[in-house]
Amino acid sequence: MPQRIPVVEKILSANDRLASENQSRFDAAKVFAINVMASPGAGKTSLIEQTIKGLEGRLRIGMINGDIATSFDADRAQAAGAIAIQINTGGDCHLDAVMVKSALSKLDLGALDLVIIENVGNLVCPADFKLGTHKSVLVASIPEGDDKPYKYPGMYRGVNAVVINKIDLLPYVPFRMDFFKKGIEVLNPGVTQFELSCQTGEGLAGWLAWLEGQVQEFIRSQRK
Amino acid sequence: MHELAVTESLLEIAVRHAQTQNASRITDLYLVLGQWSSIVDDSIQFYWDIISDGTIAKGATLHFRRVPVLLTCQDCGKEYQPASEEFACPCCGGTHVKVKTGEEFHLEAIDVEE
């Protein structure tokens, strides 16, 4: 006779465990880490480039880039002044905690204040795989359309900030900001939001101030 | 397509729990997937048939229980299933809601033989 065994275990619990080990490693080194997620083309790399340049001389920044095959994005971050580590996922649609763990062994965390992890461009899978970062950021963009929170609710749940990029295109693209934000409000009440353009620089100052504030607050909390 | 990673994890969890009961074979797995968890049943089944081969779970049947999204309005208390492009409360229009169900993503139980 077959016997029923209750399990009730989250399917990605192994990844979750490894993610919390990664976070302990960041904590021990007093390095703040963020996971930047978005669809392909939303402007993750542009935002990271602007962030590295904008915080130059204020924070020491490392970058881990997940890409299916190329290193273009890591090269851009390196050119902007960060120490960049490339992870080629070999076709995988997301980064996971194992990949981040191996990337961490190549980064000198003692020489950094902030690690920015650029996830693979994808609005589905990355949400399920924790990496061990302290905060996660979703980059949305005007040309993607205003229905994305409704189509990809999992992505909008659980992120700590939403950056709405390419606002310079608002005059040319139909985009109902109210409709977009109403979707976000239900999925993630009170989430921090930034409207900006990496192209014109409009709105970037608010994002940079928030991020720097998050890093400072983290460093203060680690001293206690 | 992260179903391969998901399926590998599923196999690891099932085999670990079966071994604690000294079971020699896993015959059935019961998965609970919320509507908002981004998992495709067919893909898990496809990978399962490949990766369970040669394990004590070979040939085990996967049962998927899909849980619909249910939101609770924090303003008026109404429970409702959101429409595709309208998440706000259909009663009072409130957007202050809690997700009651629909994000599940776990293995609930397995059937084993000694």
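Two residues are taken to be in contact if their C-beta atoms, placed from the backbone, lie within 7 Å. In this predicted model, the contact between the two chains, judged in that way, takes 28 residues from chain A and 30 residues from chain B. On the side of chain A that touches chain B, strand 1 (3–10), helix 6 (153–156) and helix 7 each supply at least two residues, and strand 1 of chain A gives the most, with eight residues. Sorted by class, that side of chain A has 16 nonpolar, four polar and eight charged residues.

Strand 1 of chain A also takes part in strand pairing across the two chains, since it runs antiparallel to strand 6 (residues 105–113) of chain B, with six bridges between them. Within this pairing, A:Arg4 has B:Asp111 as its bridge partner in strand 6 of chain B.

Turning to chain A as a whole, one finds eight helices and eight strands. Its radius of gyration is 18 Å, close to the 17 Å that the globule rule gives for 224 residues, and chain A is therefore as compact as a globular protein of that length. Along the principal axes, the C-alpha atoms of chain A fill a box of roughly 65 × 45 × 40 Å. Of the 224 residues in chain A, 50% are buried, and among its contacts with a separation of 6 or more, 77% join residues that are 24 or more positions apart.

Strand 7 (residues 161–165) of chain A offers a detailed view of the interior. Five of its five residues are buried, so this strand is largely enclosed by the rest of the structure. In a regular strand the side chains alternate between the two faces of the sheet. In strand 7 of chain A both faces are covered, with A:Ala161, A:Val163 and A:Asn165 buried on one side and A:Val162 and A:Ile164 buried on the other.

The neighbours of this strand can be followed in turn. Strand 6 (residues 135–141) of chain A pairs with strand 7 of chain A in the parallel sense over five bridges, and there A:Ala140 stands opposite A:Ile164. Strand 8 (residues 192–195) of chain A is likewise parallel to strand 7 of chain A, over four bridges, and in strand 8 the bridge partner of A:Ile164 is A:Glu195. Strand 7, helix 7 (residues 177–187) and strand 8 of chain A together make a right-handed β-α-β unit; helix 7 of chain A is also one of the elements that supply residues to the side touching chain B.

Helix 2 (residues 44–54) of chain A is mostly covered as well, with eight of its eleven residues buried, including A:Leu47, A:Ile48 and A:Glu49.

Terms used: Residues numbered from 1 in each chain as written. Chains lettered and ligands numbered in written order. Predicted model: local features only at pLDDT ≥ 70, side-chain atom pairs only at ≥ 80, totals over all residues. Buried ≥ 20, exposed ≤ 12 C-beta atoms within 10 Å, placed from the backbone. Rg over C-alpha atoms; globule rule 2.2 N^0.38 Å. Pairing = 2+ DSSP bridges. Right-handed = clockwise from strand over helix to strand, strands pointing away. Nonpolar A, V, L, I, M, F, W, Y, C, P; charged D, E, K, R; others polar.
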